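Please look over the sequence and the model before reading on. The notes below are meant to be followed with the structure open.

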Amino acid sequence: MRDGMAWYDRLLNIDRRWIYVLMALVVIVPAVRPFTVPVGISGEVRAVHEAIEAQPAGGVIHLAIDYDPSTLAELQPMAEAILHQCFDKDLRLVITALSQFGPAMVDELVTRVATEHGKQRDVHYAFLGYKPYPAITILAMGSDYRVPFPTDYYGTAVDAIPMMQDIHNFSDVACVVSLAGGNVADMWIQYGNAKYGVPVALGVTGVMASDYYPYLQSGQIFGLLPGVKGAAEYESLRERPGQASRGMPYQVTSHLLIIIAMIVANVGYIAQRRAHAGGR
Amino acid sequence: MEANWGTLLWQGGAVFLTLAVFSFLYADNPFYKFAERLWVGVTTGYWTMLLYHQGFRDKVIVPIVYEQKWYYLVPVLLGLLMWFRLSPRLGWVSRYALGFYVGISTGIFIPLAFKTAIFLQVEGTIRPVAGFWPAVNFTLALIGVVCALAYFFFSRPHTGVLGVMSRTGIYTLMIGFGAGFGLTVMGRVALLVQRVIFMRDYFVSLWGSLF
Amino acid sequence: MKKQIPILIVFVTGLIMVLQFFVPHAASEFLFTYANDFVIVIGILALPLGIFSLMRGTVIKARKDPRERFYAIVTIVGFLVMAIANFRRDSGPDSLAQNLFSYVMIPCQATIFSMLAFYIASAAYRAFRVRTWLATVLLVTAFIVMLRIVPLPEPFSSWNSSLVQWILAVPNMASKRAIIIGVGLGAISYSMKIILGIERGYMGGDK
Amino acid sequence: MIRAWDAAARALRAPGRRRKAGFVLQRLLSLAPLLIALSHPIAAIAQDSTLVVAPLLSPPTGLRVGDSPDDNGHGVLARWSVAPDDAELLVYEIWRGPSPTAPDSVWFQVGSAPRGSEHFVYFDEDASAQGQPNPAFVASGEPIHLRVRGRSGDGRLTAWSGAATGVGKGNWFHRGKTNILVAVLLFGGAVAWFINSARRGKELYIRPIPGLGAVDEAIGRATEMGTPILYVLGTGTAGDVATIAGYTILSRVARRTAEYQTPILVPVNDPVMLAMGQEVVKEAYTQAGRPEVYRADNISYVSAMQFPYVAAVNGIMRREKPATCFYMGIFHAESLLLAETGSGTGAIQISGTDQVSQIPFFVAATDYTLIGEELYAASAYLSRAPAQLGPLKAQDYAKLAIILIIIAGILALTLAHWDGILRLVRTPV
């Protein structure tokens with residue numbers, strides 16, 4: 001042990017391995033002993049929740065699940081929370097997937113959640129599937145869902161789907177919620193909202209979020225779910241903790257650790273500078 | 001839970017490798033070195049066959065053998081020139097292939113970069129401004145962009161007005177870096193959590209099948 | 001012969017590909033695909049060079065140092081087993097190839113990626129100090145942005161969340177835009193130097 | 001068969017015969033087994049039978065079909081004048097048929113355009129879809145027959161516009177890319193101009209780049225400590241400009257290490273990069289007059305995949321303990337994995353990348369960082385050759401021009417509501 005060291009020098013020279021140990025601890029503790037943390041709810045998340053909540057039973061929501069497996073970790077919890085909400089409220093769902101590697105994953109997710117709620121395909125929800133060129137597809141859906149999707153994901157003619165009988169285009173849905181890991185989000189704003197005037201809300205990854213706040217201010221989107229935090233907020237609005245809420249304790253403890261490490265280092269640094277300046 | 005011993009064994013291997021890689025955090029050690037060397041070997045084997053199935057077959061065998069597109073012999077010939085690298089005296093022959101490789105890549109890059117890095121950025125920055133606070137923020141963002149670009153002026157000394165702008169610019173850049181750093185923590189922690197849960201679940205299921 | 005012709009090849013192919021961008025005709029599309037396949041095929045056929053280099057390095061180390069022999073065997077056996085296991089294009093769900101992929105490659109990859117959580121913490125501790133004004137700005141921004149995850153009492157939580165939004169939408173966006181534009185211009189002018197044969201360091205120096 | 005269909009379709013469409021239409025539909029349904037193969041026309045008819053409730057609105061007029069510009073020949077452009085009832089409509093539907101006089105039943109919809117539109121580009125370049133010939137395929141040079149009608153939000157339709165015919169052909173210039181072409185020519189011209197004026201002996205200044213001033217010191221340090229130098233080119237490919245910039249700096253560094261006889265280790269993750277790296281280092285040693293010190297094995301291929309590459313390079317760092325590490329090129333998540341390991345071994349680290357998302361980690365964890373464009377300016381800074389410094393001047397003027405265009409564009413849009421400048425910089429998708 002280096003005995004001659006002043007306390008501030010010690011703060012400045014903590015072996016990085018101690019930080020590794022602490023980091024390991026703060027993620028192992030919630031894994032072994034789960035606990036919950038309160039989440040503050042922001043207006044842009046509440047807006048999405050309320051828009052769906054305001055629908056009467058039988059109302060129609062278009063859920064556009066436009067992410068692919070690479071951004072699944074952040075966006076799947078949102079999709080799940082919204083599906084639960086819509087099925088709880090007996091809404092009807094039009095579901096599309098405009099990302100190339102998305103459809104199989106969406107099918108798996110929607111079937112699972114619907115089964116949980118005892119909801120039937122084609123009666124309570126319709127999964128239309130994937131078509132390339134999102135911009136063109138969105139434009140075409142504005143005229144009629146049947147133009148880009150003559151049949152749904154499972155090959156059923158859309159005309160033969162009971163739920164779709166009175167649903168032709170965006171004027172028949174209350175709003176579009178697009179969960180996107182890429183620029184499909186922009187296309188919903190440019191074509192869905194700007195051309196056809198359908199209200200659009202977005203769920204995006206944490207990194208993308210900052211690019212979409214301006215659209216919130218300009219009213220081109222009515223709500224925004226930013227990353228895992230947005231998902232966790234949404235889940236806590238549903239009072240149904242899911243993946244995102246379960247992930248939050250880890251995030252809180254680890255962020256706190258890094259913040260404390262930064263404070264410790266800087267307290268040491270300032271004290272050291274003071275001491276050296278005083279000694280001279 | 002029903003135990004599938006084969007799967008449990010493979011998972012045990014995965015847990016061992018996970019711990020071996022993590023052990024590098026303490027210091028380099030034989031376990032890490034074992035995991036690293038095994039991983040490098042297995043990956044190279046995987047990559048080789050992947051390139052064979054998806055690249056060599058689709059871009060060499062199919063066009064030449066099945067579709068008789070003889071002009072695909074040209075890139076193949078160039079690819080073979082790369083092998084002259086192995087000869088100390090004739091290594092320079094591979095430069096012919098490198099010439100095509102670099103020329104094609106950079107030629108494709110130039111107009112595309114104009115589009116994505118210049119035109120799309122300029123288009124994204126030109127927005128109408130309405131309302132007081134949006135106008136303030138917008139002006140600040142614009143000043144930020146201009147000053148940060150001033151930092152990248154190379155052909156003039158950073159003194160006078162340019163000096164002030166470039167100082168402002170580097171501060172703007174630093175705010176961007178700080179934000180980028182702070183934003184990334186979340187995703188990295190999520191990855192670590194996945195690993196921890198993977199190991200927890202393994203030990204739980206191991207315990208369950210042993211007792 | 002050794003240098004002039006490759007530089008000439010770079011010039012001609014580069015120029016053709018620049019022009020190709022502006023031509024939508026089907027012939028131009030064909031040219032693009034064909035040229036792109038040049039890059040892909042050269043890359044594929046160069047792979048034996050890589051494998052040779054890896055194996056040579058492994059063997060040389062093992063010859064020099066007996067303690068390396070075990071690791072050399074691990075690498076070579078790993079390579080051969082995985083290559084043979086993947087000989088068929090589609091291996092079944094419980095095949096050796098699939099198991100090696102799921103239980104060797106994936107866990108190693110996920111683990112080293114997740115080590116970033118440790119490194120990001122130690123980097124924050126070590127690097128974020130109030131040494132200069134510039135360093136302080138970096139530190140304070142990172143601090144504020146990280147604080148958004150921590151539950152704070154109201155009204156601090158909403159203050160912080162608005163501040164973070166502002167940082168992301170204004171200075172952060174400005175910084176990114178400027179870097180992208182600067183990088184774009186730098187890379188374009190660099191590419192032009194490459195095509196014109198002024199930049200030839202990548203082919204071994206100026207002379 | 002087809003004729004029977006046409007009769008049925010006509011019966012269904014004629015207003016005032018709806019009851020009969022229902023009857024016909026019933027008869028048709030009894031024929032179902034026979035007709036399954038023709039499910040598409042059934043759907044069209046069934047759909048129409050529900051829609052022809054109200055009297056038809058008046059149709060869009062003056063339909064013309066011609067080649068759509070700026071494409072590879074698999075597209076036609078339809079133009080029309082909006083229907084008098086445009087305000088009541090939701091969309092215009094564009095339908096295609098085998099000939100202008102073909103019966104209604106064989107036409108099918110190929111696209112739609114929001115109300116108020118007066119044109120539609122019908123583009124389909126796939127000759128086959130899912131193994132079947134694609135009926136919507138637009139063959140280059142063959143006539144395409146189209147007609148248009150409007151549809152309102154509540155399902156009312158306009159009558160058909162007259163059919164029109166056009167041919168798609170491949171075009172030799174994309175007019176939407178004119179602005180990019182002009183930019184390429186102007187910028188290329190400026191680069192050439194400044195290279196020339198520099199060669200004619202005009203003194204050119206270059207501002208100091210902090211990271212590069214430290215290169216010599218860093219090499220010296222490794223030499224003093226008797227350790228090798230590690231040079232990492234990242235996880236790009238030999239065709240990426242940032243990676244090539246990394247090679248140029250490598251060639252400078254290698255020449256210096258040849259003089260000092262300090263080994264330089266270059267692990268790469270791509271076989272083409274391996275060949276290029278050996279070429280560069282070998283040449284550098286030859287130019288430094290020490291070809292005998294060159295070791296080809298020091299430039300080694302490690303792994304083609306990102307993370308095994310990092311694992312191996314991290315291993316090299318801990319085992320060989322290089323006193324100096326360079327990271328120049330394209331880096332992704334590995335930036336911090338490498339830089340933290342390097343800092344743990346106490347190495348001096350100099351980094352440079354064009355990847356916006358990774359610069360923060362290099363700034364935090366390495367001693368010097370070339371930020372974005374500085375990576376590209378490095379070769380000019382190191383060589384000071386006039387041909388190298390000239391283009392920098394062009395870059396600076398381009399930056400100035402960009403700043404002015406942005407400001408002018410915003411002012412025009414905000415004060416005069418004129419989007420001309422914005423349209424000037426807009427590029428096709």
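What follows goes through part of chain A and then turns to a surface patch on chain C.

The model is predicted. A convenient starting point in chain A is strand β2, which spans residues 92-96. This strand is mostly covered, with five of its five residues buried. In a regular strand the side chains alternate between the two faces of the sheet. In β2(A), A:Arg92, A:Val94 and A:Thr96 point one way, while A:Leu93 and A:Ile95 point the other way. Residues of both sets are buried.

Which strands pair with β2(A)? One partner is strand β1 of chain A, residues 60-66, which pairs with β2(A) in the parallel sense over five bridges. In this pairing A:His62 stands opposite A:Val94. Between β1(A) and β2(A) the chain passes through helix α4 of chain A, residues 72-88, in a right-handed β-α-β crossover.

Another partner is strand β3 of chain A, residues 125-129, and here the pairing with β2(A) is again parallel, over four bridges. A:Val94 stands opposite A:Ala126 of β3(A). Helix α5 of chain A, residues 103-117, joins β2(A) and β3(A) in a β-α-β unit that is right-handed.

In chain C, a nonpolar patch lies on the surface, formed by C:Leu8, C:Phe11, C:Val12, C:Leu15, C:Ile16, C:Leu19 and C:Leu196. Together these residues have about 610 Å² of accessible area. C:Leu196 belongs to the segment after α7 (156-195) of chain C. Patch residues need over 30% relative accessible area, and C:Leu196, at 45%, is partly exposed and therefore meets that cut-off.

How values were computed:
Residues numbered from 1 in each chain as written. Chains lettered and ligands numbered in written order. Predicted model: local features only at pLDDT ≥ 70, side-chain atom pairs only at ≥ 80, totals over all residues. Heavy atoms only, no water. Buried < 20%, exposed > 50% of the residue type's maximum accessible area, 1.4 Å probe, protein only. Helix = DSSP H or I, 4+ residues; strand = E, 2+ residues; numbered from the N terminus. Pairing = 2+ DSSP bridges. Right-handed = clockwise from strand over helix to strand, strands pointing away. Patch = residues over 30% accessible without salt bridge, like charges linked within 9 Å, V, L, I, M, F, W, Y side chains within 5 Å. Areas by Shrake-Rupley, 256 points an atom, 1.4 Å probe, with all protein chains shown as cover. Salt bridge = Lys/Arg side-chain N within 4 Å of Asp/Glu carboxyl O.
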